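Got your viewer open? Let's walk through this one together, one selection at a time.

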Amino acid sequence: MNYRNISLFGIVFLLLVGVGFVQSWSVAFALVNLCLLSSVMALGVNIQWGYAGLFSVGTMGFVALGGLATVITSMPPVAEAWRAGGLSVMVALLVAVATIIAAVQMFKRMAPGRNRTLAMAGILVVGFILYRYLFDPAVEAIESVNSASTGYLGGLGLPILLSWVVGGLLAAGVAWVIGKIALGLRSDYLAIATLGIAEIIIAVIKNEDWLTRGVKNVNGIPRPTAYEVDLQVDPTFISWVDWLGMDLIEASSLYVKLSYAILFVIVLAIIMWMSEKALNSPWGRMMRAIRDNEEAAEAMGKDVTRRHLQVFVIGSAVCGIAGAMLTSLDGLLTPGTYQPLRFTFLIWVMVIVGGSGNNWGSVLGGFLIWFLWIEVEPIGLWLMDVITSGMAEDSGLRAHLLESAAHMRLITMGLILLLVLRFSPRGLIPEK
Amino acid sequence: MDILNAIVVLANYIFVPAMTYGSQLALGALGITLIYGILRFSNFAHGDTMAFGAMAVILATWWMQSLGVSIHPLPTALLALPFGIAVTALLLLATDRVVYRFYRRVKAVPIIVVMASIGVMFVLNGVVRFIIGPNDQNFADGARFIFTAGDFKRATGLDEGLALRSSQVITVLAAVALVAALFWFLNRTRTGKSMRAFSDNEDLALLSGINPERVVTVTWLIVAILVTVAGTLYGLDKSFKPFTYFQLLLPMFAAAIVGGLGNPLGAIAGGFVIAFSEVSVTYAFKKVLGYLMPENLAPDTLVQLLSTEYKFAVSFALLVLVLLFRPTGIFRGQSL
C-alpha cells in the first residue's frame, strides 16, 4: 500500500459520504452494500483473468447459481410438493446423470468406430426417454401444488448464511464441468462457451418452475439480519433511536443495511485475505508464470490445463458466493433481472479499470464502477435537463432525450473501458 | 399414414423458418468469420453492430414512410438499406480508426482487442437504446404473405396449410445474392484475393506489397453490408428489439466456430446447421408423428425434445460437440 492507492480509496470513500449528504444515508448504505458485492464478484473475475489470464464471460451464470443456492438452502421445504413428485424428480435427475456418465465411460472404453457411436447414441436415447418419462409427470404434479404461492419443491430450510457457502460450491461444481470441456482450447473458445453456459443457467432458472418458481419469483427468502418491522416495535431499539434523535423508520432501515454491510465486509475481508495469500504464495507465482508464458511454464513441468481448471473453479466459486449474498440482500430471487451487461461485462469493466492481477485494484474497481453505474443515471438526467433547457417544454426531442438519459450509463461504461484499455491498460492500481 | 400432410407440416414449421433463420445467422457469422480471419479477433460487438445497422435502416424507413415513398409489395426497408449500410460503414470505420487501429499498431494480443470490442459493445448498446429505445419496433410494411396457409389448403386440398411470408422469401433471396456477390468478390477480384492472402499469411501478404490498411478498410465495408442486411432481415422477419440482437451473438459465434472460424463457406454451413438444429430440437413433433404413425400408436405427448426457452442450449451443445470432436470446425478453419 502506498499513498497513491490510499488516496484512491479515500476518493471513493468521499464520493460515498457525499452521496450520504446530498441524497440520503439510506441511499449511501444501499450503494455501499452493492459496492461490496461488486468487489467480491470482481475478485472472482480477477482470480480468473488477473491471475491466470482466463477469459470467461460466464460470470452472470455463476452469480445466478449463487442466487439459486439461497432458495434451495434456506426456503422451507414444501412437503406436499415433495409428496407429489419430489422423489420422481430426484430419480429422474439421477437417471440423467447416470446416462451421461455411462455415455462418457462408453466413449472412453470402446475403440473408435461405428460400434462406439451406435452404443453411445443408444445409451443417450434410452436414457433421455427414461428421464423424460419420469421427469415430466413429476414436474407437472409439483407445479400444480398450490401454484399461486408455491408450486415448487422449496428448499432445505437451513440458515441463510449457509447458502453463501452452498452458492460457492454449486458454482464451483458447474464451473468444473464447463472447465473440463472448454479449457485447454483457444482462449476465445472459453469466452464463447462461458457466454453460452451463462445463458443456459439463466434459462434453467427461468423455466424450471419446480425448482425456482421461474418468473413467478421466490419471495421472502430468509434474512441473515433483523427485519425493519420487528425493529420498529422493539423497545430497546426504540429507546436507542430516541436517544440518537433519529426517525424510527429511517433508523430501522439504516440498521438493516448496516448489518448487511458488516456481514459483507467480513466475507470480503476473508476472500481478500485468502486471495492475497494465494497470490503471493508459490502457487500464485506459478499461476502468473503460466499466464505470462504458457509454453515456458509447460516446459517447466507445470500442468497448465489442470491449473487453469483449478483457478477457473475457484474464481467461479467466489462469483457464486457473491451471487448468494446478492439474493439474500434482495430477499427474493427474480430470474428476469439477470442481464449479461450488468452481471458479466460490468464486472469485467471493474476488473480492468481497477487493475487486473491486483486484488486491491479489483476492490477499488468494484466500488468505483458500481458508484458510477448508479450515479451516472441521475447525472445524465441532470445533464440532459441542462442541455435541453433551451428547448420548448413540449418538444418531442426533449422528451426523448430525457427519457433516454438512463442509457447514458452504458455509453459511459464503454467509454471508460476503452479509455482505460488504451491509455492505462494496467488499471488504477497496477499489478506489482 | 399421411405422408403428404406430414411433409407439409414439417415444411411449414421447420424447413421454412429454419431456412430463414439460417440465412440470417449465416450472414451474421460471415461477418464474424471475416473479422476473425483478417483482423484476428472475436468481435463481441457484432450483435450490437447488427442492432445499430438495423436501427439506421428503421429510421430511414420511417422517414421514407412519412414521405409516402413505397415500393409496394416489397417492404420499404429494402429501399432504406443503402442508407443503413452507409451509416454502419461510417460507424465501423470510425471505431476502427479510434479503437482497433491502435491495437494493430502495437500488435496487441488478440484477447486485449476482444476486450476493446466489449467496450465498443457497451457503447453501441447504449447508443442504440439511446436513439431508438429498448423496446420492440415495427417497421415492416408491404405484402405480408406470398401465400397463406388458407390459400395453400384451398389450392392443394390438403388438411395442413403451408404459409410463406414475403419476409422469408426476401431473406433467403437476399442472403443468396449477397453470398454469391461476396464469393465472387473474394475469389475473382484483386482486392478479394489480397484479402484472402492476408488472412492466410499476413507476413507473406505484406511482403507481396499488399497494403494492410486497405485490406482492413475493405473488410469493414463488407462487414457493414453483411451486418446491416442481416440485422434488417432479422428485424423484418421477427421484430426489432436491441436485446435480441445481443443474444444473437451466441448462435452467430456458434455458427462461425461450427463451420470453422475464418472460413466463409464454413460460416454459411454453420449458420444453417445451427438454425436447423435449433428449430427442430425445439419443435413438437406430435402432429408429424400423428400423420406418419398408425392411429393406435400416435403419441399423446408433445414429442418436443427441448422447450423453446432452451434454444440457446442447442447452439451451445453443438459448439461443445464441435470443440470436443473437431476443434477446427466442419470446414477446417484457421489453425487453432
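**Where the two chains meet**

Start by showing chain A and chain B together: between them the count is 0 salt bridges. Keep in mind throughout that you're looking at a predicted model. What you do get across the contact is 7 residue pairs in polar contact, both partners at pLDDT 80 or more.

Now select the side of chain B that touches chain A. Helices H3 (76–105), H4 (110–132), H10 (242–247), H11 (249–259) and H14 (311–325) of chain B each put in at least two residues. Colour H4(B) on its own, since you'll be coming back here: with 17 residues, H4(B) gives the largest share of that side. Colour by residue type next, and that side of chain B splits into 39 nonpolar, 6 polar and 2 charged residues.

Zoom out to take in both partners. Chain B brings 47 residues to the contact and chain A brings 48. Together they bury about 4300 Å², with carbon and sulfur atoms giving 80% of that area. To see where chain B pays in most, pick B:Met115, B:Phe122 and B:Phe130: these lose the most area to chain A, together 19% of what the chain B side buries.

**A serine in H4(B)**

Stay with chain B and click on B:Ser117, which sits in helix H4. Is B:Ser117 buried or exposed? Its relative accessibility is 0%, so B:Ser117 counts as buried. Show the side chain and look for its polar atom lying 2.7 Å from the backbone oxygen of B:Val114. Then bring up what B:Ser117 touches beyond four places in sequence: B:Phe41, B:Ser42, B:Asn43, B:Phe44, B:Ala45 and B:Tyr100.

**Over to chain A**

Hide chain B and switch to cartoon. Chain A has 18 helices and 0 strands. Its radius of gyration is 24 Å, close to the 22 Å that the globule rule gives for 432 residues, so chain A is as compact as a globular protein of that length. Rotate the C-alpha trace of chain A and you'll find a span of about 75 × 60 × 50 Å along the principal axes.

Turn on a surface: 51% of the 432 residues of chain A count as buried. If you draw the contacts in chain A with a separation of 6 or more, 82% of them link residues 24 or more positions apart.

Last stop: select helix H12 of chain A, residues 282–292. Its buried residues are A:Gly284, A:Met286, A:Met287, A:Arg288 and A:Ile290. Add H2 (25–52), H11 (248–279), H13 (294–299) and H14 (304–330) of chain A to the view, and you have the helices that the buried residues of H12(A) pack against.

Technical notes: Residues are numbered from 1 along each chain as its sequence is written. Chains are lettered from A and ligands numbered from 1 in the order in which they are written. This is a predicted model: local features need pLDDT of at least 70, side-chain atom pairs count only at pLDDT 80 or more; totals for chains, interfaces and linings use all residues. Side-chain values use heavy atoms; hydrogens and water are left out. Contact means heavy atoms within 4.5 Å. Buried area is the accessible area (1.4 Å probe) that two parts lose on being put together, summed over both. A salt bridge is a side-chain nitrogen of Lys or Arg within 4 Å of a carboxyl oxygen of Asp or Glu. A polar contact is a pair of N or O atoms within 3.5 Å; within protein, one must be able to donate a hydrogen and the other to accept it, and residues adjacent in sequence count only if both atoms are side-chain atoms. Helices (H or I, at least four residues) and strands (E, at least two) are DSSP runs, numbered from the N terminus. Ala, Val, Leu, Ile, Met, Phe, Trp, Tyr, Cys and Pro count as nonpolar, Asp, Glu, Lys and Arg as charged, and the others, Gly among them, as polar. Buried means under 20% relative accessible area, exposed over 50%, partly exposed in between (1.4 Å probe, protein chains only). The radius of gyration is taken over C-alpha atoms; the globule rule is 2.2 Å times the number of residues to the power 0.38.
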